Each structure stands twice: as C-alpha cells, then as structure tokens.
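Here is a short briefing to read alongside the model on your screen. Keep the structure open and look up each residue as you meet it.

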Amino acid sequence: MTVTPYGAGLAALTALLSLLRRNRRAALAAALVCVVMVAVVVPRTVSAEQPAAKGAPLRVLTINLFGRADAAAVVDFVRTYDVEVFSALELTYAEAERLDEAGLKELLPHRVLQPEHDVTGSGIYAKYPLTELPGLFTPIGHNMPAARVALPGGGSIEFVAVHPNPPLGRRVDEWNTVLRTLPSASPSAVRVLAGDFNASLDHRAFRDLLDRGYVDAADQVGKGLIPTWPNFRPMPPIISIDHVLADRRVAVERVEVLDVPRTDHRGVFAALRLP
C-alpha cells in the first residue's frame, strides 16, 4: 500500500507498452487507471486551505532514532528549528544519554521518557513543563508516551509519541488496533500525534484516524509525497510513514523533511499555529 503513488507511473508505462503492442483495450484500461491514481495522489503536492488559527506557534519534530542516530545532528536540528516538542522513537537508554551529552538537556529540559534497550523505547522532550497522561489511551507494542504540554501564557496541548509495529504478517491486526486505539481529536483539548506510524496516506486505517479530527501536516502544505523511509544509501527513501498529525483547528505553516545521519528514517519538522 505504501508504494501506491508509484502506481500512476507504472500505469502510464503499461499504457505506453500496450500501445506499442497495438493492444488498444489494455492501453485504454491502463490509461484510465493512471488518470484515477493521479487524481488521488497529486492533491498531496498542493497546499490545502488552512484554518484561521491565531493562537500560539508550536514547533514539533519527530525522528525515529533507530537507537543510533547521530546525537549531535539531532540536537543541531532542535537548535536550528527552535523545536519546542520532540517525539523520539526507538529511543534506547544509550541514545538518551548521547542526546543529553550533545546538549539536548539544555534545549529541551522537560521530558517524559520510556527508553528501552531495544527499538520499543520512545520519549517526549519539550521546552515547557510536561505532565504525563498514562490514561489517555492504551499503548500496544512499542512504548508510546502521552503528555500534556504547558505552554507559555497558560495554554496547553496534549501530545502523543506514536510508533506501532509495522503491519507485517501476524502484526496486521495489532497495527489496526493501535491506530484505532489512538485518541481522537477532542473539542476540549488540542492534540498532536507525532511519530513513525508505519502507515501512509494510502492506508485506510490511517485515513480513518485522520477522519477522527486530524490533518497530516506534510499533506497540508503540499509535501505529502516526500518519502521518509528507508533513509540509507544506496537505496533512497521510497515511502512516507513518518508523520505529524494535528487537530483540524490547527494551521500548518511549514513542514521540513530532514535527513538524519545514522538512522533509517528521515525526520519531520512541522511549524504549527494553534487555534
């Protein structure tokens, strides 16, 4: 499902080859498929209309650290983009230490961390005070901490670091359950979900989550087709599975997809404007 955007190109190639073989019916069928897929995919390259949000700005970063991301590079991104909340996935104890040694403790002193010795660890780092929300939902598989972020001026948001297991083999049902279990948007709180969803906009389960009151930040600014995994050479990234989801009342002002050394995921930075 994650390679669906490439289907439009494949359909166009099939139409061309069918024409060369003078198989007009096959060429027509492939051309129609191409048109339909282009109609579905191309809107992701166009910026959407934003809500008239006039609240505080919020700068969010999410990175799947792979347990070994270059800590200095990660901290440099936090500093350069003036990140206020950082969703750290596949956070190991060793990586958490490296990040603080590289200066993250000074930039984002508040944290709700659930590191592990393997890829199941996760954490939330913030510039502002955090209150853990253990009852917001029930994580399955990886650790997925949730916290309330107390913003300057008295406001707050609820933030979740998201990382379900990939929908492979016997884990498909678990993956669907995790996406259904994630908290819906709420009229009483502004929520942001950020992380490695192991899902793209082509997954029905992911779109169902969006339908529960969220927008995909990259999609909102016309960057919904920029791939985030696998980020290592010689293979370039080919699928988009890392996301920042924001309450529909939130305006998305900017999104950057970042190459992070020593991890197989690109990071996603989103500059948001709260309602």
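By class, ten nonpolar, eight polar and four charged residues make up the lining of the largest pocket. Keep in mind that this model is predicted. The points below begin with that pocket, then turn to a cavity and to the two domains.

**The largest pocket**
- The space in the largest pocket comes to about 370 Å³.
- Its lining has 22 residues, and those closest to the pocket centre are Pro166, Leu168, Asn198, Trp229 and Ile241.
- To find the pocket on your screen, you can start from those five names, with Trp229 and Ile241 among them.

**The cavity**
- How many cavities of 30 Å³ or more does the rule count? The count comes to one.
- About 80 Å³ of space lies in the largest cavity.
- Residues lining the largest cavity include Leu201, Ala218, Ile226, Val257 and Val268.
- Asp216, Lys223 and Asp242 also belong to this lining, as do Gly224, Thr228, Ser240 and His243.
- Sorted by class, the cavity lining has five nonpolar, four polar and three charged residues.

**The two domains**
- The domain assignment splits the chain into domain 1, covering 3-45, and domain 2, covering 56-274.
- Taken over C-alpha atoms, the centres of domain 1 and domain 2 are 34 Å apart.

**Where the domains meet**
- On the domain 1 side, eight residues are in contact with nine residues of domain 2.
- Between them, domain 1 and domain 2 bury about 740 Å², and 56% of this area is on carbon and sulfur atoms.
- Which residues of domain 1 lose the most area to domain 2? They are Tyr6, Arg44 and Thr45, which together account for 68% of what the domain 1 side buries.

**Polar and charged links**
- One salt bridge is counted between domain 1 and domain 2.
- Arginine 44 forms a salt bridge with aspartate 202, and their closest N and O atoms are 2.7 Å apart.
- By class, the side of domain 1 that touches domain 2 has five nonpolar, two polar and one charged residues.
- Across the interface of the two domains, the rule finds four residue pairs in polar contact.
- Arg44 is a good residue to pick out on your screen: this residue is among those in domain 1 that lose the most area to domain 2, and it also forms the salt bridge with aspartate 202.

Note on methods:
Residues numbered from 1 in each chain as written. Predicted model: local features only at pLDDT ≥ 70, side-chain atom pairs only at ≥ 80, totals over all residues. Heavy atoms only, no water. 1 Å grid on protein atoms, 1.4 Å probe; cavity = no way out; pocket = protein on both sides within 12 Å on 5 of 7 lines; lining within 4 Å. Points joined across faces, edges and corners; volume = space filled by probe spheres on them. Nonpolar A, V, L, I, M, F, W, Y, C, P; charged D, E, K, R; others polar. Domains from an automatic or database assignment. Contact = heavy atoms within 4.5 Å. Buried area = accessible area lost by both parts, 1.4 Å probe. Salt bridge = Lys/Arg side-chain N within 4 Å of Asp/Glu carboxyl O. Polar contact = N/O pair within 3.5 Å; in protein donor to acceptor, adjacent residues only side chain to side chain.
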